[in-house]
Amino acid sequence: MKNDKMKNQYRVNEQIRVREVRIVGEDGSTVVPTREALDMARDQGVDLVEISPNANPPVCRLIDYSKFLYQQKKRQKEMKAKQVKVEVKEIRFGPQTDEHDYQFKLKHAKEFLEEGNKVRAYVFFRGRSILFKEQGEVLLLRFANDLEECGKVEGMPSLEGKKMFLYLAPKKAGVAKKSQQARDREASEAEAKENAKQQSAAEKPSNGGLFANAKISADALKKLTENEDE
C-alpha cells in the first residue's frame, strides 16, 4: 500500500506530457525535448522519472524506476531515524502520597525530562478521596516547582474525571534555571559555612594572646627560680 502511494507521487516515461524537461545527472543538467529524453532513457535501458514537476521545465532523472523508489524509501527511513522521538512518560500519585514515594517519583520525572521526554503527572482519586482534590492540586504544584530547573509547565492542574493532570515539557539546554528551593538551600549552606568560619576564627588564639601567655609563664618561672635561690 505504501509503495503504491509512493508510485503515485511521480510521473514516469509516457506519463510525462510536457514539451521539454531538464535532465539531471552526475555530469550536470541539460534541457531537452521530452521525446528526446524518452529516447535517451530507452537507449540506456532505464526510465525517465519526473522528480520535480513544479520546476520550469520539470526536472527528471534517467534511472531505473524500481531503484529510484528504493532510494526514496531508504532516504525517508534515514530521515525518520534522525528525528528525535519525544515520548510522554506518566507519573502517578495518590492524594496522600508520602514523602519517600514523592521523592522517588520526582527523581524519575527529572530523568525523563533530562532525556528530552514529556511528563504527564496525575493524582488519582479513588472513591471518597475526591474530597481531597485541593490537596492533590497542591501536590502537583509542588511537583512542578521542584522540577523548575529542567521542565516547564504546559498548563495548570486540571481535573478530568477522577484524575487531576499536570503536563511538563523538557526545557531546552542552556535555559534551565534554579528553583527557589535550590536557591534557598544554597543560601543556607553558604550562611552556615560563613558562621562556621567566623566561629573558628573567634576560637583561635591571636598572636597577642600567645605572647601574653608566654610572658606570664616566663614571669612565673623567674619568680619560682628566685624563691629557690633564697
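In the predicted model, Asn-13 is partly exposed, with a relative accessible area of 23%. This residue sits in the loop between α1 (2-7) and β1 (20-25). Although Asn-13 is not a glycine, its phi is positive, at about 50 degrees. Across the sequence, Asn-13 and Arg-42 are separated by 29 residues, while their C-alpha atoms lie 9.5 Å apart in space. Arg-42 belongs to helix α2, which spans residues 34-44. When neighbours within four places in sequence are left aside, the contacts of Arg-42 are with Glu-14 and Arg-35.

Helix α2 also holds Thr-34. Thr-34 has a relative accessibility of 4% and therefore counts as buried, the limit for that class being under 20%. With residues up to four places away in sequence not counted, Thr-34 touches Ile-16, Val-18, Arg-19, Glu-20, Val-21 and Leu-48. One of these contacts, Val-18, is found in the loop between α1 and β1, the loop that also contains Asn-13. Val-18 is partly exposed, and its relative accessible area is 28%, whereas Thr-34 is buried. Outside the residues up to four places away in sequence, Val-18 touches Thr-34 and Pro-58.

Val-18 can also be placed relative to Pro-57: the two residues are 39 apart along the chain, and 8.3 Å separates their C-alpha atoms. Pro-57 is part of the loop between β3 (47-52) and β4 (59-63). The peptide bond that joins Asn-56 and Pro-57 is cis, with an omega of about -5 degrees.

The packing of two helices was examined next. Helix α4 covers residues 99-114 and helix α5 covers residues 133-146; their axes come within 11 Å and cross at roughly 45 degrees. Because the angle falls outside the ranges for roughly parallel (under 35 degrees), roughly perpendicular (65 to 115) and roughly antiparallel (over 145), α4 is oblique to α5. The crossing in which α4 passes α5 is right-handed. On the α4 side, the contact is made by Glu-99, Tyr-102, Gln-103, Lys-105, Leu-106 and Ala-109, and on the α5 side by Leu-139, Arg-142, Phe-143 and Asp-146. By residue class, this contact of α4 with α5 comprises five nonpolar residues, four charged residues and one polar residue.

Cysteines were considered in turn. A disulfide is a covalent bond between the sulfur atoms of two cysteines. Over the whole structure, a search finds zero disulfides. Cys-60 has a relative accessible area of 0% and is buried. Cys-150, at 12% relative accessibility, counts as buried because the limit is under 20%.

An exposed loop position is provided by Gly-161. Gly-161 is located in the loop between β8 (158-160) and β9 (163-170). Its relative accessibility is 62%, so Gly-161 counts as exposed, a class that requires over 50%. Gly-161 and Phe-124 are 37 residues apart along the chain, and the distance between their C-alpha atoms is 9.3 Å.

For the chain overall, the secondary structure amounts to seven helices and nine strands. The chain has 230 residues, of which 25% count as buried. Among contacts between residues at least 6 apart in sequence, 59% join residues that are at least 24 apart.

Technical notes:
Residues are numbered from 1 along each chain as its sequence is written. This is a predicted model: local features need pLDDT of at least 70, side-chain atom pairs count only at pLDDT 80 or more; totals for chains, interfaces and linings use all residues. Side-chain values use heavy atoms; hydrogens and water are left out. Axes are lines fitted to C-alpha atoms, for helices over the stretch in contact, and angles run from 0 to 180 degrees between N-to-C directions. Helices (H or I, at least four residues) and strands (E, at least two) are DSSP runs, numbered from the N terminus. A crossing is left-handed if the near helix is turned anticlockwise from the far one by less than a right angle, and right-handed if clockwise. Contact means heavy atoms within 4.5 Å. Ala, Val, Leu, Ile, Met, Phe, Trp, Tyr, Cys and Pro count as nonpolar, Asp, Glu, Lys and Arg as charged, and the others, Gly among them, as polar. A disulfide is a pair of cysteine sulfur atoms within 2.5 Å. Buried means under 20% relative accessible area, exposed over 50%, partly exposed in between (1.4 Å probe, protein chains only).
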